[in-house]
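I opened this entry to keep a record of what I looked up, working from one residue outward to the sheet and its core.

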Amino acid sequence: VTVATTLPSDMNATLYLYNALGAQLRSFAVNPGEEEQTVAIPDLTSGIYFLRLRLPTGGVITREVVIE
């Protein structure tokens, strides 16, 4: 999965993967200054998942991911 990000080069953030029930499955460090982050999640079964980007400023961005 590729996620577009526009974080400043001095801002660290973490990307979390949740299932539809809200259980956290994984976390990924986001590389500051890069416009795209690619995370490998090949072992997920079909379903709805959520990627949540948590910023050190307290902001949160959530996106739905559907695996078919």
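**Contacts of Asn-19**

I began with Asn-19 and set aside its neighbours within four places in sequence, which left contacts with Leu-25, Ile-48, Tyr-49 and Phe-50. I kept in mind that this is a predicted model. I then placed Asn-19 in strand 2, which runs over residues 13-19, and I found that the side chain of Asn-19 reaches the backbone nitrogen of Leu-21 at 3.0 Å.

**The sheet**

Next I asked in what order the strands of the open sheet lie. I read the order of the four strands as 3-2-5-6, with antiparallel pairing; strand 3 and strand 6 are the edge strands, each pairing on one side only. The twist from one strand to the next averages 20 degrees.

I looked further at strand 5 and strand 6 (residues 60-67), which pair in the antiparallel sense over eight bridges, and I noted Val-60 in strand 6 as the bridge partner of Arg-54. These two strands form a hairpin with five residues between them, and Gly-58 in the turn has a positive phi of about 100 degrees.

**The core**

Which residues touch the most other members of the largest nonpolar core? Among its 16 residues, I found these to be Leu-15 and Leu-17. The elements that give two or more residues to this core are strand 2, strand 3 (24-30) and strand 5 (47-54). I closed with Leu-17, whose contacts, again leaving aside neighbours within four places in sequence, include Leu-25, Phe-28, Ile-41, Leu-44, Tyr-49 and Leu-51.

Definitions and conventions:
Residues are numbered from 1 along each chain as its sequence is written. This is a predicted model: local features need pLDDT of at least 70, side-chain atom pairs count only at pLDDT 80 or more; totals for chains, interfaces and linings use all residues. Side-chain values use heavy atoms; hydrogens and water are left out. A polar contact is a pair of N or O atoms within 3.5 Å; within protein, one must be able to donate a hydrogen and the other to accept it, and residues adjacent in sequence count only if both atoms are side-chain atoms. Contact means heavy atoms within 4.5 Å. A nonpolar core is a set of buried Ala, Val, Leu, Ile, Met, Phe, Trp, Tyr and Cys residues joined through side-chain atoms within 4.5 Å. Buried means under 20% relative accessible area, exposed over 50%, partly exposed in between (1.4 Å probe, protein chains only). Two strands pair if DSSP finds at least two bridges between them. Axes are lines fitted to C-alpha atoms, for helices over the stretch in contact, and angles run from 0 to 180 degrees between N-to-C directions.
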